[in-house]
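Dear colleague,

Please find below the structure that I am handing over to you. The findings follow beneath it.

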Amino acid sequence: MASRRQQITPAAFDAVYDRFVRPGGFHEHDDYYDISHDRYVQTLGYLADIALPDNARLLDIGGGQMAILGAKLFGFDAVIGDINENFRGPADDAGIGFAVCNLIDDDPPAFKGAFDAVVLAEVVEHLPMPPYIVLSKVRTWLKPGGALLVTTPNLFRLRNTARMLLGRDPFDRFMMPRHDVSLGHQTEYSGEHLAWQIREAGFTLERLEHDQLGATGFSWKARLARTLLSPLTRRKAWREELVAVGRNPA
């Protein structure tokens, strides 16, 4: 049987991505998925590398794209968890499960010990509290030996350094959720700090990487800046993203 990495061929990935992800219906503007194609390819590669059983139960919180890709390409029994029913359309279209789950407040009894893997892709930076509090709860949703995949922007990425040198805030306002305001990046984490948060939640840290994850920028100015500064990303500490894998102790 081919490894999960080998199943991520360009043709197979694009067939799923173009049918179920690129049309949108998630939180982000639809053109986000044109720009972010390579990030999803590379993030899926990290998911493929995790030792998981066939037909693993996968919960993807706050996004849903990885649940769809994992279900269609790897045969996972996937569920999307999101803040309200307004974002269930992509799950229904893909024929996978959907559950309302606010990470800050909710702890669904049906989630307890139910999943082989939980994905938090570009989520923890939006939490207005220490991530270990939420991750401790998420750990109870995993089976013994289950895995956590986290991706999040790197505190020391060049974009943040440039903003601070210009006297501009790198993050949004630090605030609790309100119905009229979407939470932006409350804070971002260094590799060491993210590792601490994951371990503090009771996980064993299995992997921690600094990666670009296909970052290109969402404006022509950002794309130009990233191109000019790309030689600096040879230094891992300045790369765009952190990718971490934690394991729930058996």
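Please note that this is a predicted model. I begin at the surface, with Trp238, which is partly exposed because its relative accessible area is 32%, a value between the cut-offs of 20% for buried and 50% for exposed. Trp238 belongs to the loop that runs between α9 (220-229) and β7 (241-247). Together with Phe156, Leu228, Leu229 and Leu232, Trp238 makes up a nonpolar patch on the surface. The accessible area of these residues together is about 470 Å². By way of background, nonpolar side chains in soluble globular proteins tend to be buried together.

The interior comes next. The largest nonpolar core has 40 residues, and the members that touch the most others are Leu44, Leu47 and Ile96. Helix α4 (residues 65-74) supplies the largest share of this core, namely seven residues. Apart from the largest core, there is a second, separate core of 32 residues, with Ile61, Ala99, Ile104 and Leu194 among them.

Two residues may serve as entry points for inspecting the interior. If neighbours within four places in sequence are set aside, Leu44 is in contact with Ile8, Phe13, Met66, Leu69, Gly70, Leu73 and Phe74. Thr43 is located in helix α3. Thr43 counts as buried because its relative accessibility is 1%, where the cut-off is under 20%. With neighbours within four places in sequence again left out, the contacts of Thr43 are Met66, Leu149, Thr151 and Leu213. Met66 thus appears in the contacts of Leu44 and in those of Thr43.

Finally, I would draw your attention to the backbone at two loop positions. Most residues other than glycine have a negative phi. Asn55, however, has a positive phi, near 55°, and Glu122, which is not a glycine either, has a positive phi of about 60°. Asn55 sits in the loop between α3 (37-49) and β1 (57-61), while Glu122 sits in the loop between β4 (115-121) and α6 (131-140).

Are these two residues buried or exposed? Asn55 is exposed, because its relative accessible area of 51% is over the 50% cut-off. Glu122 is buried, because its relative accessible area of 15% is under 20%.

Yours sincerely

Key. Residues numbered from 1 in each chain as written. Predicted model: local features only at pLDDT ≥ 70, side-chain atom pairs only at ≥ 80, totals over all residues. Heavy atoms only, no water. Patch = residues over 30% accessible without salt bridge, like charges linked within 9 Å, V, L, I, M, F, W, Y side chains within 5 Å. Areas by Shrake-Rupley, 256 points an atom, 1.4 Å probe, with all protein chains shown as cover. Salt bridge = Lys/Arg side-chain N within 4 Å of Asp/Glu carboxyl O. Helix = DSSP H or I, 4+ residues; strand = E, 2+ residues; numbered from the N terminus. Buried < 20%, exposed > 50% of the residue type's maximum accessible area, 1.4 Å probe, protein only. Core = buried A, V, L, I, M, F, W, Y, C linked by side-chain atoms within 4.5 Å. Contact = heavy atoms within 4.5 Å.
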